[in-house]
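Colleague: Please take a close look at the charged side-chain pairs in this model, and then place them beside the packing of the helices and one residue of a strand. I would like the cut-offs spelled out as you go.

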Amino acid sequence: MTVKHQATLAKQTAATLTTASTAAKNTALAAIARALDEHRTQIIAANAKDIEAAKAAGMAKGMLDRLTLTETRISDMITGIEEIIALDDPVGEFVSMSTRPNGLTIGKKRTPLGVIAIIYESRPNVTVDAAVLCLKAGNAVILRGGKEAIHTNTALMNVMRDALADTEIPADALHLVADTSRKSAAALMGLVGLVDVLIPRGGAGLIRTVVENAKVPVIETGVGVCHVYVDADADLQMAAEIITNAKCSRPSVCNAAECLLVHKDIAEAFLPQAKAMLDEYKVELRGDEATRRILGDCVVPAGPDDYDTEFYDYILAVKVVASFDDALAHIRRHGTGHSECIVTESYASAQRFLDAVDAAAVYVNASTRFTDGGMFGLGAEIGISTQKMHARGPMGLRELTCTKFVIYGNGQVR
């Protein structure tokens, strides 16, 4: 089946999903959750094929982690679906309503986007998260994953489509593009009139390619060069725990910290303390001259690209900054608008950081790892938008809808 044919079927189905009841959508999601639970062995066996091929191809450790499905991760998928079922359905919600002097009542009402296409890399959990979020928000979805996860994605999609057979939601609400070549990606990017929005989810190269080449509307997501800035007034133990969690709890994801900025006034006290905790995870530090002067030759000299790199690994760029303003300037120059954190006991510094930093999520005294749809109470997420139009930050159900004006009259003419 060609990509265009899949998009045509999805477009036809999207028209029926617009009016699907919340009960029908929730029943379909519950059927998918049961099916995933019942087919765990089949899914993990398919994933093993992808893992074997990835290891043979020399895939990096961080990317292997993204690719791997375990019993626990399948359970997490199912829990995520259950959480989405429990969430309010945004479709049909009135955002505003007012009456004009001429008697017209004008409101804004949430409606599905229509057909959402997603191009993503080696994260099979996206296959499930995207499918169920799009369905709950009344959208049809076309998924185009990477070749590294094709066996896993195919197994997941077959399970989900089969699960819809006994529900009111048509199986053609969900599609997986079997062709993982650049040709299929290019085809999706050009389906004007069939694809309403395209979301790339993956590394910087993938996102840049989609943004530069797509003819359909795009929501830019994901690249996360995230910073933790330890201010002069920071609680140093808290700061060490935050950077360790932000870097080490799961370094292969976009909300992991990639750069540690430390105010010069506390650098000599803080850096050895932080290093002791990071050493437990064997984190490689790449630092400037001031960092190396304090910690010694164990710190690799930072190269010209290290402050702009999403490492996906136990590697952390470190820089000692002369002032709060220097920290802000560094984040403006190297940040990607994803997630930024300040650790400080100063209310004034915290508020200034919140106001001055331009990112989708800005933290005071908390790990950047919380930038996640589940952690924010949105259920699973379709991705983390780093742009400013339509959606920004974790994209949950409401971000998968748009609004339309509805106008009630009683014979008014202009």
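Modeller: A salt bridge here is a side-chain nitrogen of Lys or Arg within 4 Å of a carboxyl oxygen of Asp or Glu. The model is a predicted one, in which local features need pLDDT of at least 70 and side-chain atom pairs count only at pLDDT 80 or more, while totals for chains, interfaces and linings use all residues. Residues are numbered from 1 along each chain as its sequence is written, and side-chain values use heavy atoms, with hydrogens and water left out.

A search of the whole structure yields 18 salt bridges. One of them joins the side chains of Arg161 and Asp172, with 3.3 Å between N and O. This pair links distant parts of the chain, since Arg161 lies in helix α7 (residues 150-163) and Asp172 in the loop between α7 and β5 (174-176), 11 residues apart; helices (H or I, at least four residues) and strands (E, at least two) are DSSP runs numbered from the N terminus. Arg161 counts as partly exposed because its relative accessibility is 25%, and Asp172, at 24%, is likewise partly exposed, where buried means under 20% relative accessible area, exposed over 50%, and partly exposed in between (1.4 Å probe, protein chains only).

A second pair brings the side chains of Arg73 and Asp65 together in a salt bridge of 2.8 Å, N to O. Arg73 has a relative accessibility of 22% and therefore counts as partly exposed, and so does Asp65 at 25%. In a further pair, Asp265 forms a salt bridge with Lys264, their closest N and O atoms lying 3.0 Å apart. Here Asp265 is exposed because its relative accessible area is 53%, whereas Lys264, at 47%, counts as partly exposed. Elsewhere, salt bridges that share partners join Asp37, Arg40 and Glu71 into one network.

Asp37 also appears in the helix packing. The axes of helix α2 (residues 22-38) and helix α5 (residues 71-86) come within 10 Å and cross at roughly 170°, the axes being lines fitted to C-alpha atoms over the stretch in contact, with angles from 0 to 180 degrees between N-to-C directions. The two helices, α2 and α5, are therefore roughly antiparallel; angles under 35 degrees count as roughly parallel, over 145 as roughly antiparallel, 65 to 115 as roughly perpendicular and the rest as oblique. On the α2 side, the contact (heavy atoms within 4.5 Å) is made by Asn26, Leu29, Ala30, Ile32, Ala33, Leu36 and Asp37, and on the α5 side by Ile74, Ile78, Ile81, Ile84 and Ile85.

Another helix pair is formed by α13 (residues 324-334) and α14 (residues 347-356), which pack at an angle of about 25° with their axes 12 Å apart, so that α13 is roughly parallel to α14. From α13 the contact takes in Phe324, Asp325, Leu328, Ile331 and Arg332, and from α14 it takes in Ser349, Arg352, Phe353 and Ala356.

For the strand, consider Ile118, which is placed in strand β3 (residues 115-120). Ile118 counts as buried because its relative accessibility is 0%. Leaving aside residues up to four places away in sequence, Ile118 touches Ala130, Val141, Ile142, Leu143, Arg144, Leu198, Ile199 and Ile382. Of these partners, Leu143 is 25 residues from Ile118 in sequence, while their C-alpha atoms are 5.1 Å apart in space.
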